[in-house]
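Work through the following exercises with the sequence and the model side by side. Try each task before reading its solution, and keep a pencil ready for the residue numbers.

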Amino acid sequence: MQIHLSLDGAGGLGQRLYESLRRALIDGQVPPGERLPSSRVLAAELGVSRRLVVEAYERLVAEGFLGGATGRGTFVLRVPPPLPREAERPGPGPGAHWRPLPDWGGRRAPGRHNFPGGVTDRALLPWAAWRRAMMAALREASRDIGLYGDPRGEASLRLAIARYLGYSRGLACDGESLLITQGAQQGLDLLARVRVAPGDTVAVEEPGYPPARAVFEARGARVVPVPVDDQGLRVERLPEAASLVYVTPSHQFPLGMPMSLERRLALLAFARRHDALVVEDDYDGEFCFEGRPLDALKSLDREGRVAYLGSFSKVLHADLRLGYLVMPPGLATALLQARAFSDGSPPLVTQRALARLMIDGDFARHLRRMQRLYTARRTRLGDALAAHPALWTPLPQVAGIHVALRLRSPVADLPARLAAADIRANPLASFYAGEASLDGVLLGFGVIDGEAIDRGVAALAEAITR
Ligand SMILES: Cc1ncc(COP(=O)(O)O)c(C=O)c1O
């Protein structure tokens with residue numbers, strides 16, 4: 001009997017021999033009942049010491065692949081059943097819809113000119129304060145008994161966030177209704193699990209935030225894009241069947257306008273009439289440039305129809321993977337269960353460190369500093385953009401860390417031109433589920449500053465005119 005063994009690869013010779021034999025057994029090269037060559041023969045064939053072969057055989061006997069009896073040699077006992085071919089393997093369940101997400105705007109790979117949407121600069125984090133807070137959280141954790149955490153998240157952080165929402169977003173909530181999540185994205189996922197069944201109708205903004213759309217599609221929902229105008233979502237265009245409406249009312253993603261009060265009230269009225277859930281994603285409303293931002297839509301909700309999502313991805317950094325969800329009372333039990341099934345509870349030490357950062361005032365100081373810095377960047381970007389009035393008009397932005405540009409004339413091969421000029425920025429078309437009705441580009445200014453802004457804008461102007 002012939003076995004094909006390759007002793008290539010990393011690790012010691014004994015380990016490679018063992019792995020190669022094990023692979024041959026799993027691949028079914030030798031059927032059950034078959035006798036393997038004696039250790040002496042195999043060692044001679046492979047040019048290795050007999051001891052290595054004996055040891056490999058012994059390990060495989062201990063694992064149950066091989067059996068042996070004195071005088072009868074070593075036999076194959078069991079091989080795993082052959083794997084089904086790719087096409088026969090189980091796929092997603094009925095109605096589910098999975099597809100790969102693009103890396104939009106170069107959020108994962110920097111280029112020469114970096115305007116990725118919604119990414120903040122790691123170097124600007126309040127590292128000294130964070131280090132102190134982490135050390136304190138570690139010391140505290142080392143003194144705990146060490147039980148599993150609360151699925152809602154740490155009480156100290158929930159309290160700190162509840163206070164923050166009260167003064168910064170006009171949102172009265174207590175720590176009890178808060179769920180700490182791993183980014184707004186987990187909040188969306190949990191909401192979709194407990195509130196969306198395959199075939200349900202979910203309305204999203206058009207253009208909108210692709211990862212939100214993707215979560216609902218993966219649940220098997222019928223996702224209906226609803227257009228926005230200068231007052232935000234066109235509520236009168238909502239499909240009657242919508243049982244969930246996802247919106248970004250503080251700062252529409254990606255175009256930037258806030259949702260008017262009239263539309264907010266109309267949306268709440270729709271939710272009441274249709275017993276629908278409104279998901280408010282308030283991802284970057286903190287960075288406000290003109291006066292005080294409108295309070296959260298959730299602050300108008302007296303019937304518990306709005307689920308409010310917040311994130312630390314813009315105010316600190318997406319690496320932290322920390323966000324929160326103000327749970328509507330009717331969904332709290334289901335959401336807590338879904339969270340417990342998903343990841344149990346959020347990571348303890350980062351939560352405690354963040355709570356400390358908020359309680360000690362370092363977080364508020366960081367926000368004030370970033371507000372000043374982003375205002376300066378936005379002005380610089382505005383000035384650089386204003387030098388090319390024939391090419392584009394920036395859409396008005398009240399808040400946030402990006403600007404959407406409307407191009408004066410369409411550029412058919414915009415993605416290719418951006419790539420050729422090594423510009424990381426997103427064509428607005430990438431945020432539309434259907435045909436884009438607006439030609440433009442989204443420019444994030446979270447990681448770009450000073451002259452790099454001017455150079456980036458000049459490169460963009462050249463890429464577009466060339
Ligand atoms: C519309 C919108 N919602 C939420 C987020 C934040 O998601 P997360 O908190 O999961 O990082 C982003 C980030 O880009 C966003 O653009």
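**Exercise 1. Find where Pro126 sits in the chain, and decide whether it is buried or exposed.**

Solution. Begin with the secondary structure, in which helices (H or I, at least four residues) and strands (E, at least two) are DSSP runs, numbered from the N terminus. Pro126 belongs to the loop between strand E3 (113-114) and H4. Next take the accessibility, for which buried means under 20% relative accessible area, exposed over 50%, and partly exposed in between (1.4 Å probe, protein chains only). Pro126 is buried because its relative accessible area is 16%. Lastly, compare its position with that of Leu407: the two residues are 281 residues apart along the chain, and their C-alpha atoms are separated by 37 Å.

Before going on, note that this is a predicted model, in which local features need pLDDT of at least 70 and side-chain atom pairs count only at pLDDT 80 or more, while totals for chains, interfaces and linings use all residues. Residues are numbered from 1 along each chain as its sequence is written, and side-chain values use heavy atoms, with hydrogens and water left out.

**Exercise 2. Locate Leu138 and classify its accessibility.**

Solution. Leu138 is found in helix H4. Its relative accessibility is 44%, so Leu138 counts as partly exposed. As a second step, look for Ala340, which is 202 residues apart from Leu138 along the chain; the C-alpha atoms of the two are separated by 24 Å.

**Exercise 3. How many salt bridges does a search of the whole structure find, and which parts of the chain does the pair of Glu154 and Arg352 link?**

Solution. Start from the rule that a salt bridge is a side-chain nitrogen of Lys or Arg within 4 Å of a carboxyl oxygen of Asp or Glu. With this rule, the search of the whole structure gives 27 salt bridges. One of them joins Glu154 and Arg352, whose closest N and O atoms are 2.9 Å apart. This pair links distant parts of the chain, since Glu154 lies in the loop between helix H4 (127-143) and helix H5 (155-169), whereas Arg352 lies in helix H11 (residues 348-359), 198 residues apart. Both Glu154 and Arg352 are buried.

Now turn to Arg365 and Asp362, which form a salt bridge with their closest N and O atoms 2.9 Å apart. Both residues lie in helix H12 (residues 362-386), 3 residues apart, which is about one turn of the helix. Arg365 counts as partly exposed because its relative accessibility is 44%, whereas Asp362 counts as buried because its value is 12%. Elsewhere, salt bridges that share partners join Glu140, Asp144, Glu154 and Arg352 into one network.

**Exercise 4. Which residues come nearest to the ligand?**

Solution. A residue is near a molecule if one of its heavy atoms lies within 4 Å of it. There are 13 residues around the ligand, and Ala184, Asp281, Ser311, Ser313 and Lys314 come nearest. Then examine individual atoms: a polar side-chain atom of Ser311 lies 2.6 Å from an oxygen atom of the ligand, and a polar side-chain atom of Ser313 also lies 2.6 Å from a ligand oxygen atom. For Arg321, an N or O atom in the side chain is 2.9 Å from an oxygen atom of the ligand.

**Exercise 5. Which residues does each cis peptide bond join, and where is Asp275 found?**

Solution. As background, most residues other than glycine have a negative phi, and most peptide bonds are trans. A cis peptide bond joins Glu206 and Pro207, with omega about 0 degrees, and Pro207 is in the loop between strand E5 (201-206) and helix H7 (210-218). Another cis peptide bond joins Phe253 and Pro254, with omega about 10 degrees; Pro254 has its place in the loop between strand E8 (242-247) and helix H8 (261-274).

Finally, consider Asp275, in the loop between H8 and strand E9 (277-282). Phi of Asp275 is near 50 degrees, a positive value in a residue other than glycine. Asp275 counts as exposed because its relative accessibility is 51%.

Conventions. Polar contact = N/O pair within 3.5 Å; in protein donor to acceptor, adjacent residues only side chain to side chain.
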